[in-house]
Structures are given as structure tokens and as C-alpha cells.
Amino acid sequence: MVDRKRFLADLHALRRFGARGAGVVRPAYSEADIAARDWLASRMDAAGLQVRFDAMGNLFGLAEGPSLLLGSHSDSQPTGGWLDGALGVIAALEVARASRETGGPAISVVSFQDEEGRFGVTTGSAVWSGGLLLEEADALTDHAGVALADARAQLGKRIGPDVNPEQFTGFIELHIEQGPTLDVAGQKIGVVTEIVGIRDQIITFTGEQNHAGTTMMALRRDAFQGLVSFSNLLNERLRNVVTPQSVWTIGHVSMTPNASSIVPGAVRFSMQWRDGDPERLERMHEVINVTLQDVASDLGLSVRTGTLLGLEPVAMNTELRERLERAAQDVVPGAWRLMPSGALHDATNVARKMPVAMVFVPSIGGISHAFEENTCETDLLAGLRVLARAAGLN
């Protein structure tokens with residue numbers, strides 16, 4: 001039987017690493033992130049699990065023999081919520097610990113590294129699952145220009161040999177919904193049917209840096225105006241391509257030289273789009289490329305696109321999903337639903353190696369990736385109980 005008080009105590013203990021107000025600042029490979037991983041390693045060890053860090057800093061607590069893998073990630077957005085990823089890791093730890101105490105099935109635990117994409121898209125699980133070579137990952141840089149190879153050097157002697165995925169029979173990830181569906185409906189559990197696909201790219205418009213007071217508007221090659229034009233035109237052109245579930249985001253912008261009295265010479269920005277249909281993702285990509293070229297031509301700019309990163313949509317494993325459905329009906333009868341995930345998760349990568357499934361608990365107000373992110377304690381405990389039942393505990 002899971003220990004609810006122990007679970008909540010561990011969840012709040014993890015919250016202290018990188019605490020900032022009601023949220024956390026715990027980006028991948030930061031001092032707070034590594035300290036949190038060391039603390040998690042100590043808790044895994046105390047639970048009787050074999051502790052292993054791989055080359056990326058993915059942290060495993062391994063049971064003996066074939067086992068079901070549970071977990072998520074413990075890094076955060078630059079300004080993140082206290083439950084995103086952390087809930088899945090601590091719930092996995094509690095289920096594994098309770099199972100060992102009661103002679104239940106073998107359960108292993110994982111906290112993947114850089115799920116939040118400081119260096120790409122779910123980078124730690126991408127490398128572990130073979131979707132990205134370590135050498136390729138090492139060349140990735142964050143928005144400050146830091147290379148992943150330099151960041152993971154902070155792990156020091158923690159790094160060990162690879163963890164073989166073949167020892168795991170499947171993977172279940174518990175997570176907050178990060179959206180409003182469950183909260184608005186007053187439901188307690190969401191059993192995920194599929195995870196949408198994602199594309200992510202860095203784009204740069206380059207124009208001509210010049211004096212803001214003396215350069216006439218008609219003669220300007222203003223890189224920032226290129227971004228404004230691109231954003232507006234893209235919204236118009238995608239209308240006939242997308243569905244109400246399709247999303248696209250320009251989420252990070254930096255200008256050169258970023259000064260009040262200088263016409264911007266360059267603007268670098270992130271472009272991300274998500275959808276459940278691989279063909280629609282490709283059509284969106286085509287529209288984005290054509291729009292970039294049209295804007296560059298109209299405004300006298302050059303455009304450069306970085307490496308296209310992404311993951312395909314992934315359907316959840318039927319058997320594991322049905323186990324979650326039965327568990328949800330037992331724990332919160334009539335107060336659960338089937339639903340897709342619009343957010344990206346490590347389960348997408350893990351699906352390359354084994355059957356996967358996911359289960360959601362509500363996010364209050366649908367808020368996530370923000371300090372205000374929160375979930376009612378009763379819903380956290382319901383999620384823990386559903387995970388435990390699906391994993392084979394009573």
C-alpha cells in the first residue's frame with residue numbers, strides 16, 4: 001500500500017530545490033537541478049533501488065530483473081511550476097518503494113534529464129531512446145550559447161554506463177495535465193490516448209543595422225519588422241491548413257543589437273508547432289518556409305533556419321492504457337476521461353523502446369509552465385493511487 005504522507009513529504013522536499021516563490025527555477029544541469037538529482041538518488045538508494053546516472057544525467061533507480069518503468073523528469077522551465085515532471089518522479093518512487101515493502105511487482109524509477117528542452121526537445125530521453133546521438137546532442141546550445149557538452153560536464157563523476165531499455169516491460173508516466181480540460185469538467189483523472197507531434201526550429205532574419213533617427217522608413221531593412229510581418233502573415237496562411245487543436249508559437253526572441261536608437265540588424269526567434277497528424281505538421285512546415293521566404297524578399301532581408309527538431313505523434317499502448325482505465329474507474333468512478341495530450345512528454349521518446357502509457361491529474365485553472373501551477377492534494381493522491389493500481393499494487 002502506498003504511503004500518502006511519505007509521498008507528499010517527498011514531493012514537497014523536491015520542491016525546495018530551486019524554490020522561487022510558489023514555483024521552482026531548476027533548469028537542466030543547473031546547480032539546483034544537479035542537487036535535486038543527488039537528493040533523488042539518495043531516496044532511490046534508501047528505497048533499495050540500484051542508482052544509476054547515464055551519460056546525459058538521466059537518473060534511474062533500478063529494481064532487480066525485468067521491471068515496469070515509472071517516472072518523468074525533475075528539471076524545470078526557466079521559471080517553472082513545482083509539479084511539472086516532479087509529480088511523476090516522486091509518485092514513481094513511492095510506488096516502487098511500496099511495492100518492495102509489500103512484496104509486489106518489480107518497479108523501476110527514472111527522472112529524465114532536460115525534458116524541458118534547454119538544449120532541444122526532451123533531450124535526455126531522446127538520447128537514451130536512440131532518437132538522438134550523444135555526439136549530436138553535445139553540439140546543441142541553449143539560448144545563452146552554452147553547449148550541452150559543457151553543461152553535462154557539470155555532472156562530473158556521476159556519469160556511468162548506459163542503462164539497457166530491454167530490462168523494462170513498459171513505461172507509465174504520471175503528469176499534471178498542463179491544460180484546463182479536467183479542471184473545467186470537474187474530473188479527477190485523464191487517461192491519455194495519444195501525444196501530439198512537435199516541430200521546433202530556430203530562425204534568424206538578418207537586415208541592416210543603422211541609425212534610428214536618420215534612416216528613412218522606406219530605406220530600412222529592419223529585421224524586427226520581418227518578425228512582425230512573418231507572425232501576422234503566418235497566422236493568416238495557416239487558417240486553411242490547421243484544426244482547432246493545432247498550435248504554433250513564437251516563444252523566444254532576441255534582437256541585435258537590441259538598442260533604442262538603432263534599427264535592428266538581426267532577430268533570432270524560436271518557431272514551434274504541434275499537431276496530432278504527421279501530414280499536417282509537414283504542411284504547416286511548408287507554409288512556414290514559404291512565408292519566411294516571402295517576408296525576406298519583401299523587406300530585403302536574409303533568412304536562416306536552424307536544425308529542425310521534433311517528434312512524431314505517438315499512440316499509447318492499448319494494454320497499459322486499459323490498466324489505467326480500470327484503475328481510474330476503481331479510484332474515481334465516473335470522474336475520469338480519455339483524452340489526448342497537447343503537451344510533449346518523455347513517453348514519446350520511450351515509445352521507441354517499449355510500450356508506454358500516460359495518466360493526468362488536473363491543473364488548477366489549466367496553468368502550467370508558471371509559478372502559479374498547482375493541483376489539489378486530493379487529486380495528487382488520486383493520481384498516485386491510479387498509478388499504483390495500474391502498476392499492480394492493490
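**Figure 1. Asp114, in the loop between β6 and α4.** In this predicted model, Asp114 sits in the loop that runs between β6 (107-112) and α4 (123-128). Its backbone is the thing to look at here: Asp114 has a positive phi of about 50°, even though it is not a glycine. For background, most residues other than glycine have a negative phi. Is Asp114 buried or exposed? With a relative accessibility of 0%, Asp114 counts as buried.

**Figure 2. Gln178, another loop residue with a positive phi.** Find the loop between β7 (168-176) and α7 (181-185), and you have found the place of Gln178. Gln178 is not a glycine, yet its phi is positive, at about 70°. The relative accessible area of Gln178 is 18%, and buried means under 20%, so Gln178 is counted as buried.

**Figure 3. The cis peptide bond at Pro257.** Now for the loop between β11 (247-256) and β12 (262-263), where Pro257 is found. Look at the peptide bond leading from Thr256 to Pro257: it is cis, and its omega is near 5°. As a rule, most peptide bonds are trans.

**Figure 4. Helix α3 from end to end.** Helix α3 covers residues 86-101, which makes 16 residues. How far apart should its ends be? At 1.5 Å a residue the expected span is 22 Å, and the end C-alpha atoms are 23 Å apart, so the two values agree. The helix is mostly covered, with 14 of its 16 residues buried. Just after α3 comes Gly103, with a positive phi of about 70°.

**Figure 5. Ala91 and its contacts.** Zooming in on helix α3 brings us to Ala91. Its relative accessibility is 0%, so Ala91 counts as buried. Which residues is Ala91 in contact with, once its neighbours within four places in sequence are left aside? They are Phe7, Leu174, Leu384 and Leu387. You can also pick out Leu380 in this view: Ala91 and Leu380 are 289 residues apart in sequence, with 9.0 Å between their C-alpha atoms.

**Figure 6. Leu324 in helix α10.** Helix α10 takes in residues 318-331, and Leu324 is found there. With a relative accessible area of 0%, Leu324 is buried. Setting aside neighbours within four places in sequence, Leu324 is in contact with Ile172, Val191, Ala357, Met358, Val359, Val386 and Ala390. His345 gives another reference point: Leu324 and His345 are 21 residues apart along the chain, and their C-alpha atoms are separated by 17 Å.

**Figure 7. Thr348 in helix α11.** This view shows α11, made of residues 347-350, with Thr348 as one of them. Thr348 has a relative accessibility of 4%, so it counts as buried. What does Thr348 touch, leaving aside neighbours within four places in sequence? Thr348 is in contact with Ile195, Leu311, Glu312 and Val314.

**Figure 8. His143, a partly exposed loop residue.** His143 belongs to the loop between α5 (134-138) and α6 (148-152). At 45% relative accessibility, His143 counts as partly exposed. Beyond its neighbours within four places in sequence, His143 is in contact with Ile202, His252 and Arg268. Look for Ser270 too: it is 127 residues from His143 in sequence, and the two C-alpha atoms are 9.8 Å apart in space.

**Figure 9. Stepping back to the whole protein.** To place the close-ups, here is the full picture: the protein has 12 helices and 18 strands. Its C-alpha trace spans about 75 × 45 × 40 Å along the principal axes. A compact globule of 394 residues would have a radius of gyration near 21 Å, and the protein has 22 Å, which agrees. Of the 394 residues, 54% are buried. Among contacts between residues at least 6 apart in sequence, 78% join residues at least 24 apart. The accessible surface comes to about 16,500 Å², and carbon and sulfur atoms account for 49% of that. As for charges, there are 35 positive and 47 negative ones, and their mean positions are 4 Å apart.

Note on methods
Residues numbered from 1 in each chain as written. Predicted model: local features only at pLDDT ≥ 70, side-chain atom pairs only at ≥ 80, totals over all residues. Heavy atoms only, no water. Helix = DSSP H or I, 4+ residues; strand = E, 2+ residues; numbered from the N terminus. Rg over C-alpha atoms; globule rule 2.2 N^0.38 Å. Buried < 20%, exposed > 50% of the residue type's maximum accessible area, 1.4 Å probe, protein only. Contact = heavy atoms within 4.5 Å. Areas by Shrake-Rupley, 256 points an atom, 1.4 Å probe, with all protein chains shown as cover. Lys, Arg positive; Asp, Glu negative; His and termini not counted. Charge placed at Lys NZ, Arg CZ, Asp CG, Glu CD. Expected span 1.5 Å × (residues − 1).
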